[in-house]
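Please look at the sequence and the structure below, and take a moment to turn the model around before reading on.

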Amino acid sequence: MKKKLLIIILLSVTIFIIAGCNNKETKNNKNREENKTKSNTAVIYFSATGTTKSIAEKIAKESNSDIIEIIPKEKYTSSDLNYNSDCRANREQNDSKSRPEIKNNINVDKYDTIYLGYPIWWGTNPKIILTFLDTYDLGSKTIIPFCTSGSSGIEKSVKDLRDYKPDLNIKDGKRFVANTPNQYIEEFIEENNIKEVVSSMKVIINDKEYTLNLESNLAAQKLVELAPLEITMAELNGNEKYKYLNTAFPVKQTKPGKIEKGDVMLYENGCIVIFYKSFNTSLSYTKIGHIDDLPDLGDKDVVVKFRRDK
Ligand SMILES: Cc1cc2nc3c(=O)[nH]c(=O)nc-3n(C[C@H](O)[C@H](O)[C@H](O)COP(=O)(O)O)c2cc1C
């Protein structure tokens with residue numbers, strides 16, 4: 001009898017614990033789901049013929065943002081857009097006072113970051129974008145422009161927008177083409193997502209401390225993320241120490257032509273290299289940073305520690 005009672009108690013306790021865990025798991029999943037769908041970023045765009053719309057959709061998908069179209073009260077017909085004639089679009093662009101009306105109400109309040117998309121018209125943004133900036137209070141927000149165009153860059157439109165609203169926080173932005181691969185969209189989002197840019201870190205080589213001044217790119221920030229990191233770096237060619245890490249870094253390769261003593265580079269997407277001699281090179285690297293006053297590191301492997309400054 002006593003044995004039976006003990007078994008019943010044990011069973012009840014087990015069921016209770018399992019139910020508790022499941023409940024916790026469900027709650028965690030729910031939180032995760034909420035985080036996924038809760039967005040303080042919106043992609044807000046105007047598109048007359050659908051190209052900017054397709055990029056806007058990709059950005060929204062990749063950044064898990066809401067997406068809102070700026071819909072003109074009077075739709076642009078193809079003759080309105082026939083820029084070889086005296087068309088409506090040309091007349092608006094030539095009229096500094098033109099502010100084409102927007103049909104829909106856009107609720108910008110819940111967003112702190114806005115990807116603002118538009119096609120380039122005569123080298124700059126369509127006037128309806130100015131209507132948008134005039135209508136909504138965007139003072140506390142970060143605005144990241146993006147555009148599509150036949151060939152023109154985004155730079156002039158960004159300058160024009162900044163001149164028009166000097167108080168707004170308008171980032172440099174990026175131009176895309178119709179079939180931009182997702183990789184570029186992802187890079188664009190990542191670049192704009194670097195919250196805290198760390199500009200230097202400590203490097204301890206064979207117990208001597210140096211400052212590594214970092215490039216402002218994603219590869220450098222990835223190294224910061226990995227710190228504290230202790231690795232043994234192998235000697236190569238009498239000018240460098242290297243180590244393949246088991247991590248894929250975001251790469252932005254260039255051919256530097258010349259390596260300077262103290263350069264810290266990423267070879268391919270996961271090999272970190274510290275150069276202790278200057279020489280010419282034809283290879284491609286992503287620069288991570290530079291160590292001032294780095295001495296000749298000799299012909300042996302070295303133990304290197306990467307530490308955050310603070
Ligand atoms: C009135 C007008 C002016 C344009 N001006 C330029 C220009 O100056 N430079 C350029 O590269 N493309 C120019 N374009 C091409 C558009 O920027 C390009 O087709 C864009 O991708 C269209 O985007 P959408 O489909 O979202 O409207 C112009 C198009 C129109 C209709």
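The paragraphs that follow go from the whole chain to a barrel of strands and then to one helix.

This is a predicted model, and its protein chain has 7 helices and 16 strands. Of the 310 residues in the chain, 40% are buried, while the accessible surface comes to about 18,100 Å², with 50% of that surface belonging to carbon and sulfur atoms. If we take the contacts between residues with a separation of 6 or more, 70% of these contacts join residues 24 or more positions apart.

Within this chain, 8 strands close into a barrel, and going around it their order is β7-β8-β15-β12-β13-β10-β9-β16, with antiparallel pairing. From one strand to the next, the twist averages 30 degrees. One of the pairings joins strand β7, residues 200-205, to strand β16, residues 302-308, through 5 bridges in the antiparallel sense; in this pairing, I204 has K305 of β16 as its bridge partner. Helix α7, residues 218-226, packs on the sheet, where it touches several strands, among them β7, β8 and β16, and its direction makes about 65 degrees with that of β15.

Another helix to look at is α6, which spans residues 182-191 and whose buried residues are I185, F188 and I189. Why do these residues lie on the same side of α6? They do so because they cover an arc of only 95 degrees around the helix axis. In an α-helix there are 3.6 residues a turn, so residues three or four places apart point the same way. The elements covering the buried residues of α6 include the helix α2 (51-63) and the strands β3 (113-119), β4 (142-148) and β6 (174-176).

Methods
Residues are numbered from 1 along each chain as its sequence is written. This is a predicted model: local features need pLDDT of at least 70, side-chain atom pairs count only at pLDDT 80 or more; totals for chains, interfaces and linings use all residues. Side-chain values use heavy atoms; hydrogens and water are left out. Helices (H or I, at least four residues) and strands (E, at least two) are DSSP runs, numbered from the N terminus. Buried means under 20% relative accessible area, exposed over 50%, partly exposed in between (1.4 Å probe, protein chains only). Contact means heavy atoms within 4.5 Å. Accessible areas come from the Shrake-Rupley method with a 1.4 Å probe; for residues, only the protein chains shown count as cover. Two strands pair if DSSP finds at least two bridges between them. Axes are lines fitted to C-alpha atoms, for helices over the stretch in contact, and angles run from 0 to 180 degrees between N-to-C directions. The arc is that of the directions from the helix axis to the C-beta atoms.
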